[in-house]
Each structure stands twice: as C-alpha cells, then as structure tokens.
Amino acid sequence: MVLTTVLAGTGCVAGRQEPGQATAAVADALAEAGSAGETARIAVGLLDEGRVTGPVADTVLLDQLRVLDDAESALTTLVPPDAASSARRTTGLDAVGDVTDAVVAARSWVATRSGGDLAADEGVPASADDLLSGLATALDATDAALAEAGGP
C-alpha cells in the first residue's frame, strides 16, 4: 500500500522549481519521450518484418502514447523559474508533440496494414520507411532538446 502511494506520487511535478530542477524535469520528460519513440520505432520495424502481429504492435504503440502523455503532462505542469527554463520547456513540449504525432501516425499505419479502412486518411504514411523516417526526424528533435536540457 505504501509503495503504491509512493509510486503514484512520482509523476507529480512541483509547482515552481529552481532552474536546475526545472531543467532536470525537462530532461526527464524528454528522455521518456525519446524512449517511447524508440520503442515505437522497434515495434514498426518488427511489424514490417512480420515478426509481430498488428494487434501486438498496436498495443505497444498505445502504451507509448501513454508514456508520451505523461511526459507532456510533466512539462505542461512545470512552472519554469526563469526565461532559459521556460525556453527549454517550450522546446521540450514541441519535441514531445512531434514524437506523439509520429506515434499516432504509426498507429494509423498499423491499423491500415492490419486491414483497417484508413486508406482515405491522408495522414497515414505510405510505407514503413516513410513512417520510420518521420519517427527518426521526431527523435532527432527530441535528442537535440535533451542535449540542450543537459541530458545524456
């Protein structure tokens, strides 16, 4: 019971933080987003190679959208203490949004590949290569934002 309470509280971000804390919070959210994007990339690759089924890939992608939602929530609730932290937060929100868009496109691609009727949807990537390229672009932006925030 205590462990559940402690774990439930770890996703909360303090209202106002010191500059170093704010930068660390941005870096943490970006690291989560990068991990979610990489996981999505792996799931798409495995589906394209026929190594997983569409429902498995879709479940993985849905889980990654939840991770991205948590990352966005952490950044949205962050109150930066200075202009530099605010700029990092804004860059982080943009990067997380780009990864989220790419993962949503991946889910559409998986649904289409699995027989869903999304062919008329212009947002569905034409191929796994197009999708992976979009994910790579989003991940590059996330990596750049993470480096700016002092992450690995």
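**Entry 1: R107 and its partner**

I started with R107, which is partly exposed, with a relative accessible area of 26%. I kept in mind that this is a predicted model. Which residue does the side chain of R107 meet in a salt bridge? I found D58, with N to O at 2.7 Å. D58 lies in helix α3 and R107 in helix α4, so this pair ties together parts that are 49 residues apart in sequence. I looked up D58 too: its relative accessibility is 23%, so D58 counts as partly exposed. A handy reminder for my notes: side chains of opposite charge can pair when their charged atoms come close.

**Entry 2: Other salt bridges**

How many salt bridges does the structure hold? I noted five. One of them joins R113 and D48, whose closest N and O atoms are 3.6 Å apart. This pair links distant parts of the chain, since R113 sits in helix α4 and D48 in helix α2, 65 residues apart. R113 counts as partly exposed at 42% relative accessibility, and D48 is partly exposed at 38%.

I also checked R41 and E38, whose side chains meet in a salt bridge at 2.8 Å, N to O. Both lie in helix α2, three residues apart, which is about one turn of the helix. R41 has a relative accessible area of 35% and E38 has 33%, so I wrote "partly exposed" beside R41 and beside E38.

**Entry 3: Helix α4**

Next I took a ruler to α4, residues 83-113. Its 31 residues, at 1.5 Å a residue, should span 45 Å, and the end C-alpha atoms are 45 Å apart, which agrees. Just after α4, G115 takes a positive phi of about 105 degrees.

T100 lies in this helix. Its relative accessibility is 22%, and because buried means under 20%, T100 counts as partly exposed. The C-alpha atoms of T100 and L65 are separated by 6.6 Å, although these residues are 35 residues apart along the chain.

**Entry 4: A negative patch**

Which residues form the negative surface patch? My list reads D28, E32, D69, D70 and E72. Helices α2 (19-48) and α3 (54-77) each give two or more residues to the patch, and α3 gives the most, with three. I picked E72, in α3, and found it partly exposed, with a relative accessible area of 38%.

**Entry 5: The whole chain**

Finally I stepped back. The protein chain has five helices and zero strands, and along the sequence the pattern reads α-α-α-α-α. Of its 152 residues, 34% are buried.

Key
Residues are numbered from 1 along each chain as its sequence is written. This is a predicted model: local features need pLDDT of at least 70, side-chain atom pairs count only at pLDDT 80 or more; totals for chains, interfaces and linings use all residues. Side-chain values use heavy atoms; hydrogens and water are left out. Patches are made of residues with over 30% relative accessible area and no salt bridge: like charges are joined within 9 Å, nonpolar side chains (Val, Leu, Ile, Met, Phe, Trp, Tyr) within 5 Å. Accessible areas come from the Shrake-Rupley method with a 1.4 Å probe; for residues, only the protein chains shown count as cover. A salt bridge is a side-chain nitrogen of Lys or Arg within 4 Å of a carboxyl oxygen of Asp or Glu. Lys and Arg count as positive and Asp and Glu as negative; His and the chain ends are not counted. The place of a charge is taken as NZ of Lys, CZ of Arg, CG of Asp or CD of Glu. Helices (H or I, at least four residues) and strands (E, at least two) are DSSP runs, numbered from the N terminus. Buried means under 20% relative accessible area, exposed over 50%, partly exposed in between (1.4 Å probe, protein chains only). The expected span of a helix is 1.5 Å times one less than its number of residues.
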